[in-house]
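Let's take a walk through this structure together, from the overall fold down to the metal sites. Have the sequence and the 3D view ready as you read.

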Amino acid sequence: MRITVLGSAAGGGFPQWNCNCRNCAGVRNGSVRAKPRTQSSIFVRPDTGADGILFNASPDILAQMRAVPALQPARALRDTAIAGVVLMDGQVDHVTGLFMLRERGTPLPLWCTDPVQDDLTQGNPVLRVLGHYCGVERHAIALNGSAFEVPGTGHLRLHALPLASKAAPYSPNRDRSVPGDNIGMSIVDPATGGRVFYAPGLGEITPEVFEAMAAADVVMVDGTFWTDDEMATQGVGRQRARAIGHLPQSGPGGMLEWLARLPTGTRRLLIHINNTNPILDEDSAERALLEAARVQVCEDGMEIKV
Ligand code: MLT
Ligand code: MN
Ligand code: ZN
């Protein structure tokens with residue numbers, strides 16, 4: 001399968017519109033060597049065939065589609081390579097792009113869990129709004145790991161895993177998580193046997209999560225924060241990374257320790273990177289640590305073949 005990183009930043013993107021933290025100011029004025037990034041989303045398609053799966057619909061989706069010609073194969077007057085959309089959660093940075101798909105001629109094929117469906121018809125009723133445009137053909141994602149497919153995508157097989165993370169701030173589940181608020185996804189290509197584990201929002205590595213990571217050829221996991229208190233120490237917020245459902249990379253029990261335990265051949269990538277994270281600075285000590293640990297930082301437009 002082929003994975004295109006459409007957006008690699010966390011909510012707000014990089015630089016964030018209202019932010020003058022070291023990274024945001026530095027990428028604007030050229031004093032920090034870093035690449036701007038749009039909000040997190042990936043497109044996955046089989047090696048043969050143009051159509052694929054959009055994982056998350058970013059607020060930046062229109063710019064992402066312009067930047068990646070493969071998303072518009074132009075086989076008809078109105079066309080798209082997006083065979084269906086799969087949501088990992090109901091967060092604003094992962095669902096706002098759904099509004100931008102409203103010009104479709106047929107209902108949008110959409111896979112999400114029941115709690116996310118509830119959030120997207122109640123607190124943030126984007127699916128109800130779309131009912132006044134193209135409509136939505138919604139499919140429930142089961143949480144028992146059973147395989148499903150998005151028709152037309154070369155039989156790529158998807159298996160969801162409920163994650164300990166956080167529902168969106170507008171959700172009634174924000175402070176009492178329910179299984180399915182957030183999921184990770186194993187994506188298997190039966191043509192090649194390649195397997196990816198994708199989890200842009202991941203608060204805790206449970207035994208089930210580690211098992212899914214260890215079984216994958218490629219892991220693309222939560223790269224939001226380097227430290228738990230990153231937002232507080234930079235003066236941009238009070239909330240801690242773990243409290244909002246993101247396992248930081250550094251420190252005891254952090255993401256880097258877990259990644260180091262994976263089989264040697266596993267390709268490790270961080271995605272959904274917050275604009276405060278020092279790993280965005282290509283000259284930072286933190287980025288050098290990642291390189292030494294053979295952990296890559298996703299960039300917009302990156303192609304991964306599995
Ligand atoms: C998150 O990943 O914690 C949220 O997307 C943050 C946000 O909505 O800005
Ligand atoms: Mn997010
Ligand atoms: Zn910033």
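The paragraphs below start with the whole chain, move on to a sheet and end at two metal ions.

Keep in mind that this is a predicted model. The protein chain contains nine helices and 13 strands. Its C-alpha atoms fill a box of roughly 50 × 40 × 40 Å along the principal axes. For 306 residues, a compact globule would have a radius of gyration near 19 Å, and the 18 Å of the protein chain agrees with that. Buried residues make up 54% of the 306. Among contacts with a separation of 6 or more, 68% are between residues 24 or more positions apart.

Now look for the open sheet of seven strands, which runs in the order 6-5-4-3-2-1-13 with mixed pairing. Strand 6 (136–140) and strand 13 (303–305) are at its edges; each has a single partner strand, so one side of each is left without a neighbour in the sheet. On average, neighbouring strands here are turned by 25° against each other, direction ignored. As a general point, strands of a sheet pair through backbone hydrogen bonds, either parallel or antiparallel. For one example, follow strand 2 (residues 41–45) and strand 3 (residues 52–55), which pair in the antiparallel sense over three bridges. Within this pair, Val44 has Ile53 in strand 3 as its bridge partner.

Next, the metals. Which residues hold the zinc ion (ligand 3)? Cys19, Cys21 and Cys24 each coordinate it through SG, and Asn275 does so through OD1, at 2.2 to 2.4 Å. The angles among these four donor atoms are 99 to 116°, and the site is tetrahedral. For comparison, the ideal angle for four tetrahedral donors is 109.5 degrees. Along the sequence, the donor spacing reads C-x1-C-x2-C-x250-N. Cys21 sits in the loop between strand 1 (2–7) and helix 1 (22–29), while Asn275 sits in the loop between strand 11 (267–271) and helix 9 (285–292), so this pair ties together parts that are 254 residues apart in sequence. Cys21 counts as buried at 6% relative accessibility, and Asn275 is buried too, at 3%.

The manganese ion (ligand 2) has Asp93 (OD) and His272 (NE2) as its protein donors, 2.1 to 2.2 Å away. This pair also links distant parts of the chain: Asp93 belongs to helix 3 (residues 92–95) and His272 to the loop between strand 11 and helix 9, 179 residues apart. Are these donors buried or exposed? Asp93 counts as buried at 9% relative accessibility, and His272 counts as buried at 5%.

Key. Residues are numbered from 1 along each chain as its sequence is written. Chains are lettered from A and ligands numbered from 1 in the order in which they are written. This is a predicted model: local features need pLDDT of at least 70, side-chain atom pairs count only at pLDDT 80 or more; totals for chains, interfaces and linings use all residues. Side-chain values use heavy atoms; hydrogens and water are left out. Two strands pair if DSSP finds at least two bridges between them. Helices (H or I, at least four residues) and strands (E, at least two) are DSSP runs, numbered from the N terminus. Axes are lines fitted to C-alpha atoms, for helices over the stretch in contact, and angles run from 0 to 180 degrees between N-to-C directions. Donors are N, O and S atoms within 2.8 Å of the metal (3.2 Å for Na, K and Ca); water is not among the atoms, so sites may look incomplete. Four donors count as tetrahedral if all angles lie between 85 and 135 degrees; four count as square planar and six as octahedral if opposite donors are over 155 degrees apart and all others between 65 and 115; anything else is irregular. Buried means under 20% relative accessible area, exposed over 50%, partly exposed in between (1.4 Å probe, protein chains only). The radius of gyration is taken over C-alpha atoms; the globule rule is 2.2 Å times the number of residues to the power 0.38. Contact means heavy atoms within 4.5 Å.
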